[in-house]
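User: I am new to reading protein models, and I would like to learn how to look at strands, pockets, cores and cavities one after another. Could you guide me through them with an example?

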Amino acid sequence: MRPIPLLLLLSALSLPALSQAAARVEVLQNRLAHPWSLAFLPGDQGMLITLRGGELKRWQPGKGLSAPIAGVPQVWANGQGGLLDVALAPDFAQSRRVWLSYAESDASGKAGTAVGYGRLSEDATQLTNFTVVFRQQPKLSVGNHFGGRLVFDGKGYLFIGLGENNQRATAQDLSKLQGKVVRLTETGGVPPDNPFVGRADARPEIWAYGIRNPQGMAMNPWSDALWLNEHGPRGGDEINIPEKGKNYGWPLATHGINYSGLKIPEAKGEHVEGTEKPLFVWKVSPAVSGMAFYNSDVFPQWKNKLFIGALKEKDVIVLSVEGNKVTEDGRILGDRDKRIRDVRVGPDGYLYVLTDETDGQLLKVSPSGA
């Protein structure tokens, strides 16, 4: 059991921003209609990029953007819903499996997050035999809080971050898959050691609960633990370390208030007995998005940094990580005035960033002077 970390309450407005000269930016691609995520293909094959409207494309250096890859499932592209995350299976070199998360609707017209995989053809023009292995139940979203981040832990498991569909109480209801982190095997099965397996009142897929709207998720390479960030309501964006069977509080515990300015009806305080305190809190919400730990030797000045995108504040947040202690260093891309949707560290040690705009961009970022 890890020690409860010191709670850090920081306002972005009180922090001295890093100089914009702290980063050098190259625009690799524009005209991306609301890109959501990217995954690096092996070698010089480029990367896969999801567009929220429902298209999966490949980008290659010197060749640019491909036509849409065939075989992608139909998505429910409304509100915050659409085609979301993309991840390569750990055995991609053999299986060529590409995993996708996306919003899908049912006959009622409401939607939830689904996850599946298909085999990418050798020429990367189509996905074949797409198989859905997970569906968020029940379908409750009318366009809000899907989550959708996919993370393989390197130990045979897949984690999926799921929003509570803007239905607050569901995050505490173990019979529903809203507001949860779920854990599956690498082929989509339920691991027998999941915390709620065998309970009639709980879904066996659940790993952790009490989550509002997770938008970034990654394995910490120094602790080998899963980290997650999530949107608070009006205030209270958080970083959490979702552990087996634990409750992360929403909506009982929160540092935010309703968008109306009123208190969250179910909230009992910033911390509630029996729930986990967040590792880090922004009292003023930057609207956090994709996150990436920097563990490359290419740019030593970035070693042990955590990069998190910000949608509302249109920036990339830089944090230093020492064990489970996190301190914010500043921001590096605010001069571009673009909503940041995803942040990844490439195999070449550069930072790759997607901007969530009608004319979205793929950016390659390095420290200034590097």
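Analyst: We will take one strand, then the pockets, then the nonpolar cores and finally the cavities, keeping in mind that this is a predicted model.

User: Let us begin with the strand. Which way do the residues of strand 24 point, and are they buried or exposed?

Analyst: The general idea is that in a regular strand the side chains alternate between the two faces of the sheet. In this structure, Leu351, Val353 and Thr355 point one way from strand 24, while Tyr352 and Leu354 point the other way, and all of them are buried. Strand 24 covers residues 351–355, and because 5 of its 5 residues are buried, it is largely enclosed by the rest of the structure.

User: How many bridges join strand 24 to strand 23, and how do the two run?

Analyst: Strand 23, residues 340–345, is joined to strand 24 by 5 bridges, and the two run antiparallel. One pair to look for is valine 343, whose bridge partner in strand 24 is valine 353. The two strands form a hairpin with 5 residues between them, and in its turn glycine 349 has a positive phi of about 90°.

User: What joins strand 24 to strand 25?

Analyst: Here a hairpin makes the link through 4 residues. Strand 25, residues 360–367, also runs antiparallel to strand 24, with 4 bridges between them, and leucine 354 stands opposite leucine 362 of strand 25.

User: Now the pockets. How much space lies in the largest pocket, and which residues are closest to its centre?

Analyst: When reading a pocket, it helps to take the volume, then the lining, then the kinds of residue. The largest pocket holds about 710 Å³ of space. It is lined by 32 residues, and Val151, Phe152, Ala218, Arg344 and Val345 are the closest to its centre. Several strands give two or more residues to this lining, among them strand 3, strand 11 and strand 23. Its lining residues divide into 23 nonpolar, 5 polar and 4 charged.

User: What does the second largest pocket look like when read in that way?

Analyst: The second largest pocket has a volume of about 490 Å³. Of the 28 residues that line it, Gln80, His145, Asn213, His231 and Tyr259 lie nearest its centre, and the lining divides into 9 nonpolar, 11 polar and 8 charged residues.

User: Which residues in the largest nonpolar core touch the most other members?

Analyst: For a core, one can ask about its members and then about the elements that supply them. The largest nonpolar core has 19 residues, of which Trp99, Phe134, Leu150 and Ile160 touch the most other members. The elements that give two or more residues to this core include strand 9, strand 11 and strand 13, and strand 12 gives the most, with 3 residues. Leaving aside neighbours within four places in sequence, isoleucine 160 is in contact with residues including Val115, Phe134, Leu150 and Met217. There is also a second, separate core of 18 residues, which includes Ala39, Leu41, Leu48 and Ala114.

User: How many cavities of 30 Å³ or more are found, and what lines the largest cavity?

Analyst: A search of the whole structure finds 3 cavities of 30 Å³ or more. The largest cavity has a volume of about 60 Å³, and among the residues that line it are Arg212, Glu230, His231 and Trp250. Its lining divides into 4 nonpolar, 5 polar and 3 charged residues. The second largest cavity has a volume of about 40 Å³, with His255, Glu270 and Lys277 among its lining residues.

Notes:
Residues are numbered from 1 along each chain as its sequence is written. This is a predicted model: local features need pLDDT of at least 70, side-chain atom pairs count only at pLDDT 80 or more; totals for chains, interfaces and linings use all residues. Side-chain values use heavy atoms; hydrogens and water are left out. Buried means under 20% relative accessible area, exposed over 50%, partly exposed in between (1.4 Å probe, protein chains only). Two strands pair if DSSP finds at least two bridges between them. On a 1 Å grid over the protein atoms alone, a cavity is a set of points where a 1.4 Å probe fits but cannot get out, and a pocket is an open set with protein on both sides within 12 Å along at least five of seven lines; lining residues have an atom within 4 Å of a point. Grid points are joined across faces, edges and corners, and a volume is the space filled by probe spheres set on the points. Ala, Val, Leu, Ile, Met, Phe, Trp, Tyr, Cys and Pro count as nonpolar, Asp, Glu, Lys and Arg as charged, and the others, Gly among them, as polar. A nonpolar core is a set of buried Ala, Val, Leu, Ile, Met, Phe, Trp, Tyr and Cys residues joined through side-chain atoms within 4.5 Å. Contact means heavy atoms within 4.5 Å.
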